[in-house]
Amino acid sequence: MAYTIRNQPNQFLSNEEKKKEWFKENVQFIMSHFNKRNDRTNRIKRVEDIENPVDEIVRMFSYYLGRQYNKDYYYTTQDQNNCDLPTVWINGQKITSLIDYMVGNAINLLENLEPTTKIISKPAVERKTQLLELALVRLQFRDFFEEVAELTGMQFEPISDVPQQIETPEDLHRFMEYDYKEQGDIIATRIVEDILNRNNFQDKYKQAFLYTLLGGYVGIHNRIENGKQYFDVILPHNLIVDRSKDDDFLSESRFVGVVDYMATTDIIERYQEFLTTEEIAEIKKINSNNLYQLLDLTTHPYATTWAFTYNSVPMIAVVTGYWVGMKDLKYEKNSDKFGNVHYAKMRKNKKGSFWTKTVHKAILIGNRYVVDYGEENNQVRKLDNPGDVEMPIKVFMSNMVLGENRSVVSRLHQHQDRIDFITNEITKMMTRAKGKVFLINRQKLGTSTAKDVISDFERMGIHITDGSATGEDFVAGQDVRLVEVVDMTLDPNVQQLVALRKEEERLMEEIVNIPKIALGQQGGYVGAKTQAGTIAQSNLGTSYLYQGFIRFIEKQLAHALNQFKLSLLSSDDETTMGVVGTQGMNYIKLTKDFGFEELGVYIKIKDFIDEQARERLLSQAQAAMQNQMIDFIDYIKIEQSKTYTEALNELQYSIGRKMREAEKLRQQQQMMAMIQQQQQLAAQAEQAALREENANYRQDRQLEQQEQQRQQQEQQLNQQI
């Protein structure tokens, strides 16, 4: 579409000068970029040969649905008289299988997203550096501080939750780099998790990745609604983007917009709080007959961009535009009588000397009604340049070059058209194949009629002729055979077409770096190592797309996090406390620095176990179970694990539990041994006491016997005397 781009209005106006008409002109400037390519591509290709971006995107979507239009090969479906041939054109869906495979890989990544947050502002870095230095002193003089704690009861712990296994400075550096989190980091992580869960992030990010593959780019709109953060995926053909600078994430874009075509009833329902009573009454009068007149589009050269009729229902363009404007800070620089420079707030209503960038927003309906305009709330500043602002609509345009992009389908669709054409040619050859056809000369039938013979030979595919197919009259007695055989079997050249179709499929797989081995469609046996190596090499060709999409999610989540943080600072709604808790809200309210902190989001993909790795892991687990290193329950847990971390945690817990049980059993055995030993010692002591008592008893008995013998001897002597 070759209409002229409008000039953007002057942004260096005071807030009082920015009237409703000024916002309307800015949205008109944004809308002038809709469905228009960058001027740089017009220099390398004739304008009339360039397809409109929206038409191209919709056509690429049709290939995924299997409803593509064979415009390049339509001539093959008609004869010279423009009559359709009996062959039915069937649209192939090779693109669908390739796109679904890539989306499946993206789903594996999305299911294993592990977001982490980090405060990256200068004050936060200084705080962590100071804590690290104090912790190093505490680690270096550990014995001294422990003695002081024992003598005085005073402890010196710069970081209260340092793990016990940290014994060297290297361990401490690693802990501070990867594991240490401030209270602000913990609150930010909770907010990110809340944003992801509330927005059903897996479904929305999967949809965004699919739109990227089909249309070449996608947008995500971040917004605050009822004190909560939400984001919505925007179709590529509804986006208006700034193509002036090549950047996959459009970080330096000056504007961004969204076009939605809505019926009048939907417009009134959604924007009735912004529209006046007269405007609502005027919109209610719009119908298919007076659509362009009431919207004052009769002289507009591209009126259908702003409105059109669909099934007798007027559809009006609702354009939401965001752009980077300038805001007067109302400060001026003065010097006193001593030559000192001062910056003071201006009291007079005049332009100041200092301006800052800000995001303006407006919604323009049908190029006529302006609603919801002004400065955007909860504006997020850039992390690397706080003087600049970020757009609430994040756009990902993979491999942007010369202001243009190439979707995966746009690189595949021509090959799909050739595959469909070759398939149609093969179908033609198959329909023409009749096998061996028998021709019977009816002049040689004698008394039999052709009808009699036809009834006999109809099921055999035999054809009856009078021999005059050449236009010559039949001459009696002419040497003509009764039956002629015509070979109408399938043309062997069809194998060449089959080979061409396979070659086109191979080219498509090479474009997206997905070999048949990765799809599980290889023709023969392939070794496990060869298969794994081939898949690993093929993934390198599309890694830029997956890596770029993960970076896009990081940028979008960082914007959503900082946007929600700003809304929390001014929120008094108790329902928001469920996100961070009462303690977290108190921290946000009391800690003034948190409002100025720059919160970054980083995405880490969990180490999920693919099918090839799962087979290796299960074979090793089976060997470990046979050697009684693990039991059957541990084997089942390994088979159920989706990530290496999950499997490792399960094994560590199981091994730790077994070690605790073994230690408990060992302690019980030691206790039993000690009891047995004590019992043995007690028995030995008792036996010794018994032996001692027995010895004393025998000695007493012996003395008694000796005394009795002495007394008897004395009695005998007395009797003798």
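Helices (H or I, at least four residues) and strands (E, at least two) are DSSP runs, numbered from the N terminus. With that in hand, you can place Ile195 in helix H8, which covers residues 183-198. A word on the ground rules: this is a predicted model, where local features need pLDDT of at least 70, side-chain atom pairs count only at pLDDT 80 or more, and totals for chains, interfaces and linings use all residues. Residues are numbered from 1 along each chain as its sequence is written, and side-chain values use heavy atoms, leaving out hydrogens and water.

Let's start with the whole chain. It has 22 helices and 16 strands. Of its 721 residues, 38% are buried, where buried means under 20% relative accessible area, exposed means over 50%, and partly exposed lies in between (1.4 Å probe, protein chains only). Among contacts (heavy atoms within 4.5 Å) between residues at least 6 apart in sequence, 72% join residues at least 24 apart.

Back to Ile195, which counts as buried because its relative accessibility is 0%. Leaving aside neighbours within four places in sequence, Ile195 is in contact with Gln229, Phe231, Leu557, Ala560, Leu561 and Phe564. Its C-alpha atom is separated by 8.8 Å from that of Phe231, 36 residues away along the chain.

Now for the interior. In soluble globular proteins, nonpolar side chains tend to be buried together. A nonpolar core here is a set of buried Ala, Val, Leu, Ile, Met, Phe, Trp, Tyr and Cys residues joined through side-chain atoms within 4.5 Å. The largest one has 72 residues, and those touching the most other members are Ile99, Tyr205, Phe209, Phe549, Ile553 and Leu557. Helix H18 (residues 528-569) supplies the largest share of this core, 12 residues. Another core, of 38 residues, lies apart from it and includes Leu13, Phe23, Val319 and Ile365.

Strand E12 (393-397) is a good next stop. Val395 is found in this strand and is buried, because its relative accessible area is 4%. Not counting residues up to four places away in sequence, Val395 touches Val218, Gly219, Val241, Asp248, Phe249, Leu250, Val256 and Phe552. Just past the strand, Ser398 sits in the loop between strand E12 and helix H14 (408-432). Ser398 is also buried, at 7% relative accessibility, and its contacts beyond four places in sequence are Gly216, Asp248, Asn405, Tyr544 and Leu545.

Aromatic rings deserve a look too. Rings of Phe, Tyr and Trp (its six-membered ring) pair if their centres lie within 6.5 Å; planes under 30 degrees apart count as stacked, over 60 as edge-to-face and the rest as tilted. By this rule there are 16 aromatic pairs. One of them, Phe29 with Phe255, is edge-to-face, with 5.4 Å centre to centre and 75° between the planes. Phe29 lies in helix H1 (residues 20-31) and Phe255 in strand E5 (residues 255-262), so the pair ties together parts that are 226 residues apart in sequence. Both rings belong to buried residues. Elsewhere, ring pairs link Phe209, Phe249, Phe396, Tyr546, Phe549 and Phe552 into a cluster.

Finally, Phe144 lies in helix H6 (residues 142-152) and counts as partly exposed, because its relative accessibility is 49%.
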